[in-house]
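User: I'm new to this one and I'd like to know how the labels are earned. Can you walk me through it?

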Amino acid sequence: MSDLMSDGLARNFLAGAWVEGDGGARIAVEDPGTEEHFADCALAGEATLAKALEAARVSFERGDLADMQPSARSRMMVRVASEIRAIADEGATILCRESGKTLDAARDEFEEAAQYFEYYGGVADKIEGKSIPLGPDYVDYTTYEPFGVSAQVVPWNFPVSIAARSLAPSMAAGNSTVIKSPELDPIGLSLLGSALERADVPSGVVSILNGIGSELGARLVRSTEVDQIVFTGSVQTGQAILHAAADSVTPSLMELGGKSAAILFDDADLDMFLASLKSGIFYNAGQVCSAMARVLVDRSIYEDAVERSAILSNGLSVDHGLINPDHTPVISDLQLSRIENVTSTARQEGARIAAGGARLDRKGHFMAPTILADVDPASHAAQQEIFGPVSCFTPFETEAEAIAIANGTEFGLVSGVFTKDLARAHRVARKLRAGQVFVNEWFAGGISTPFGGVGKSGFGREKGLEALYNYVRTKNVAISLKG
Ligand code: NAD
């Protein structure tokens, strides 16, 4: 266990100091794989939040990051990346225990976090403006300025990598950042504070606070000290934050939920599809915003696809995340009950349980890997985000019908096409209403490919060069040379 929590208490990273929070308030963090208490976490309250926001403002006004030589900012971010790698082993064990994910997946989060710092560190000195020709009497140029204080609210499914996904471009652009960690698994993320410390990031540039969403989170996004909101989480919370942002007209970036569909055409390579299904819906126990939550299959190969998918699901190894099995628990008992409820409702609505369908009879919040077949596209199970290891299969007759079903939810995060026909892949990709389309490999792409939603999956993009421009605003300077 980390030195930072050698007494079993995870603290808040407040402008470079590790603090307990307000009034001794704590939250118990559970190990979802054993249902046992793992650690306690000190909760930040109003006073700690005020200090974090003030430190962020002071640091920004002082120009700690914004006035740093861009090449020095770049080098500092690359140092953060290497410090993240230095804490990855310790961090991964903690993250595995508090989230239930596999140790390898937890380690991957730290690695991905390091890569975000390298990637955005590499562009910190390349945020170039434009010169606009207005004729001989004027000089006109644009610059990209940081917003100031960026408030970032992070979900529990990938707390470390998602926090880094937003923090790295925010820092590259010169903002100060206050992060609200997810209350279910806050500790791995708070360790990023120690990487920032070790990399000599000026104190005040970043604070990472632990708190309950409806309390600390709501307070953070309502603060008039915040110049930008970055939210990743559920649609419902995103809507509440947007209402708050409307009052203060605070620019917001929304990365919300999904109900993404893969379309499996009759010429698809089924082995390739099954490898994608395995990661697409069972990685992190399906608690992935861009999970392969629906599979639309050409009627001629439908039964075969369902049967082989069920065999794959039933054959997955199940264990505590520390053992690195194929399948791990979901985050909490509440989440498990929600998933089970959707599955039993689906059955009442006519779906066939091809695999799984209920919780596993063992210690820990384990949902059986589940394949629901013959799911009505209009049903609750096909329309609502389940956020668990459950994929809904539906047959289709024509390409047009497949596209209509894929586009037929209020979400639009990602989509997938499995076919050997390149022309069809391009044609269908063009028609799919989603921020990203995977062809023949679910989760293809990486930190450099833009990611984000349409519809209720949100707006704005994270990842890639494009995301950087969500963390700056444009200023135009128009100069008259007359007289
Ligand atoms: P959530 O909306 O319940 O919580 C997300 C964060 O918001 C948490 O830190 C929570 O404490 C905080 N929060 C809750 N209420 C708040 C309020 N009123 N004001 C401010 N903050 C508040 O979501 P979750 O259950 O943690 O995460 C799962 C959801 O996140 C799923 O819908 C998933 O699809 C989505 N998600 C989206 C992406 C993406 O990039 N699009 C990535 C991961 C997860």
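User: Why is lysine 101 called buried?

Analyst: Lysine 101 has 2% relative accessibility. Buried means under 20% relative accessible area, exposed means over 50%, and partly exposed is in between (1.4 Å probe, protein chains only). So at 2%, lysine 101 counts as buried. Before we go on: this is a predicted model, where local features need pLDDT of at least 70 and side-chain atom pairs count only at pLDDT 80 or more, while totals for chains, interfaces and linings use all residues. Residues are numbered from 1 along each chain as its sequence is written, and side-chain values use heavy atoms, with hydrogens and water left out.

User: Where is lysine 101, and which residues is it in contact with?

Analyst: Lysine 101 sits in the loop between helix 3 (88–99) and helix 4. Helices here are DSSP runs (H or I, at least four residues), as are strands (E, at least two), and they're numbered from the N terminus. Contact means heavy atoms within 4.5 Å. Leaving aside neighbours within four places in sequence, the contacts of lysine 101 include Leu95, Glu109, Phe158 and Thr328.

User: What makes the link from lysine 101 to asparagine 157 a polar contact?

Analyst: The side chain of lysine 101 reaches the backbone oxygen of asparagine 157 at 2.7 Å. A polar contact is a pair of N or O atoms within 3.5 Å; within protein, one must be able to donate a hydrogen and the other to accept it, and residues adjacent in sequence count only if both atoms are side-chain atoms. So 2.7 Å fits within the 3.5 Å limit.

User: How do you know that aspartate 64 is buried, and which side chains does it make polar contacts with?

Analyst: Aspartate 64 has a relative accessible area of 16%, so it goes down as buried. Its side chain makes a polar contact with the side chain of serine 59 at 2.9 Å, and another of 2.7 Å joins it to the side chain of arginine 62. You'll find aspartate 64 in the loop between helix 1 (46–62) and helix 2 (70–86).

User: Why does alanine 47 count as partly exposed?

Analyst: Its relative accessibility is 41%, which means alanine 47 falls in the range between buried and exposed. Alanine 47 lies in helix 1.

User: What is unusual about the phi of valine 249, and is this residue buried or exposed?

Analyst: Most residues other than glycine have a negative phi. Valine 249 has a positive one, near 50°. With a relative accessible area of 69%, valine 249 is over the cut-off and therefore exposed. Alanine 285 also isn't a glycine and has a positive phi, of about 55°. At 0% relative accessibility, though, alanine 285 counts as buried.

User: What makes a group of residues a nonpolar core, and which members touch the most others in the largest one?

Analyst: A nonpolar core is a set of buried Ala, Val, Leu, Ile, Met, Phe, Trp, Tyr and Cys residues joined through side-chain atoms within 4.5 Å. The largest has 88 residues, and Phe117, Met171, Phe273 and Leu277 touch the most other members. Helix 4 (residues 103–123) gives the largest share of this core, nine residues. Apart from it lies another core, of 24 residues, among them Ala44 and Phe411.

User: Which residues does leucine 277 touch?

Analyst: Not counting residues up to four places away in sequence, leucine 277 touches several residues, including Phe282, Met292, Leu312 and Phe393.
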